[in-house]
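Please look through the structure below before reading on. The paragraphs that follow take its sheet and some of its helices in turn.

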Amino acid sequence: MKKEFRDLLVDNIEQSNVLVCGIPLDKNASVGKGASLAPKIIRELSYDLPALDMSGNLLKDTKIFDLGDFYNEDLNSLSEELSEKLFDGNDDKFKLIIGGDHSIAIASEKAFYLKALKENKEPVIIHIDAHPDICDEYHNSKYSHACPIKRALDLGYKDYNITLVGVRGFEAQEIETFKKHPMLDVYKAIDVNKLGIEALLLLLTSKYRDKKYKVYISYDIDANDPSFAPGTGTPEAFGLKSIDVLNLIIGLISSLNVDVMDIVEVSPPLDVNNVTSWLALKTMYEIFHCLENKRGGE
């Protein structure tokens with residue numbers, strides 16, 4: 001019988017060093033729907049992906065416990081559920097959340113924020129996305145997938161502890177919000193392509209390397225150019241190359257105190273031959289190998 005994540009899955013949470021959960025919610029997506037199916041499809045694809053990274057390294061030390069899916073559409077209640085079941089008591093485990101549209105980060109970033117404060121850490125968000133998602137309200141909703149960074153600021157995140165990477169699609173109201181938060185770091189796609197990933201990594205790791213920081217990486221698959229990730233609800237042209245996004249994520253996890261990461265806005269119904277779902281899954285496996293190297297070096 002096939003199992004998701006092949007030989008990496010364990011049946012006992014105590015044996016695990018990686019926690020995975022899905023949040024199959026796309027009611028707050030504004031354009032293309034379908035991200036609610038991503039957790040199911042990505043798990044199904046994992047049946048057939050061997051437990052090795054792309055260099056042929058066996059993922060022998062990765063132990064995944066799958067918490068299943070959280071279906072709560074009330075984002076405040078969802079945040080409480082994530083606090084209880086994903087964050088509390090799991091300090092030694094890397095957390096990986098499969099969305100869902102980007103509104104799910106409103107809930108998970110709130111749970112992460114409260115956890116970081118309990119630990120006397122400064123919560124940091126590194127938001128890798130084609131869009132800033134800093135609208136106060138979009139389509140008459142404060143819980144739109146265009147709003148998670150604004151909700152994070154409202155919650156109490158400091159603007160100087162939020163970094164946006166890969167953005168190239170804006171709403172007029174977002175430009176006004178940027179003026180009110182000049183300490184918020186924004187590396188537009190055009191900046192990243194000129195600067196290069198290694199230089200960007202140096203800037204970010206220098207800023208957030210101190211152990212006082214606890215980092216949440218929020219990865220919207222549309223940060224990639226649509227030629228790499230066509231299966232997403234709001235594709236934006238002139239994006240980043242998938243290998244650059246991967247190298248950025250791996251570099252951040254290798255160097256910083258990254259506790260949790262989400263992968264959002266993968267929409268299987270809008271995809272071509274599951275290209276975008278495979279990109280998300282392969283990225284996960286590269287992260288697993290990175291975590292193995294990091295644990296080995298500690």
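Two strands are said to pair if DSSP finds at least two bridges between them. In general, strands of a sheet pair through backbone hydrogen bonds, and the pairing is either parallel or antiparallel. The model shown here is a predicted one. In it, strand β1 (residues 18-23) and strand β3 (residues 94-99) run parallel and are joined by six bridges. One place to see this is Val18, whose bridge partner in β3 is Phe94.

These two strands belong to an open sheet of eight strands, with parallel pairing. Reading across the sheet, the order is β2-β1-β3-β8-β7-β4-β5-β6. Which strands stand at the edges? They are β2 (64-69) and β6 (185-188). Each of them has a single partner strand, so one side of each is left without a neighbour in the sheet. On average, and with direction ignored, neighbouring strands of this sheet are turned by 15° against each other. Helix α2 (residues 75-87) packs on the sheet and touches β1, β2, β3 and β8 (258-264). The direction of α2 makes about 160° with that of β1.

Next comes strand β4 (residues 122-128). Six of its seven residues are buried, so β4 is largely enclosed by the rest of the structure. Buried here means under 20% relative accessible area. In the sheet order, β4 stands between β7 and β5. With strand β7 (residues 213-220), β4 pairs in the parallel sense over seven bridges, and Glu122 stands opposite Tyr213 in β7. With strand β5 (residues 162-167), β4 also runs parallel, and four bridges join the two. Within that pairing, His127 has Leu164 of β5 as its bridge partner. To get from β4 to β5, the chain crosses through helix α4 (residues 148-155), and this β-α-β crossover is right-handed.

Helix α4 also meets another helix. Two packed helices are described by the angle between their axes and the distance between the axes. For helix α3 (residues 104-118) and α4, the axes come within 9 Å and cross at roughly 30°. That makes α3 roughly parallel to α4, because angles under 35 degrees count as roughly parallel. The crossing of α3 and α4 is right-handed. Which residues meet between these helices? On the α3 side they are Ala105, Ile106, Glu109, Lys110 and Tyr113, and on the α4 side Pro148, Arg151, Ala152 and Leu155.

Note on methods:
Residues numbered from 1 in each chain as written. Predicted model: local features only at pLDDT ≥ 70, side-chain atom pairs only at ≥ 80, totals over all residues. Heavy atoms only, no water. Buried < 20%, exposed > 50% of the residue type's maximum accessible area, 1.4 Å probe, protein only. Right-handed = clockwise from strand over helix to strand, strands pointing away. Axes fitted to C-alpha atoms, helices over the stretch in contact; angles between N-to-C directions. Parallel < 35°, antiparallel > 145°, perpendicular 65-115°, else oblique. Left-handed = near helix turned anticlockwise from the far one by under 90°. Contact = heavy atoms within 4.5 Å.
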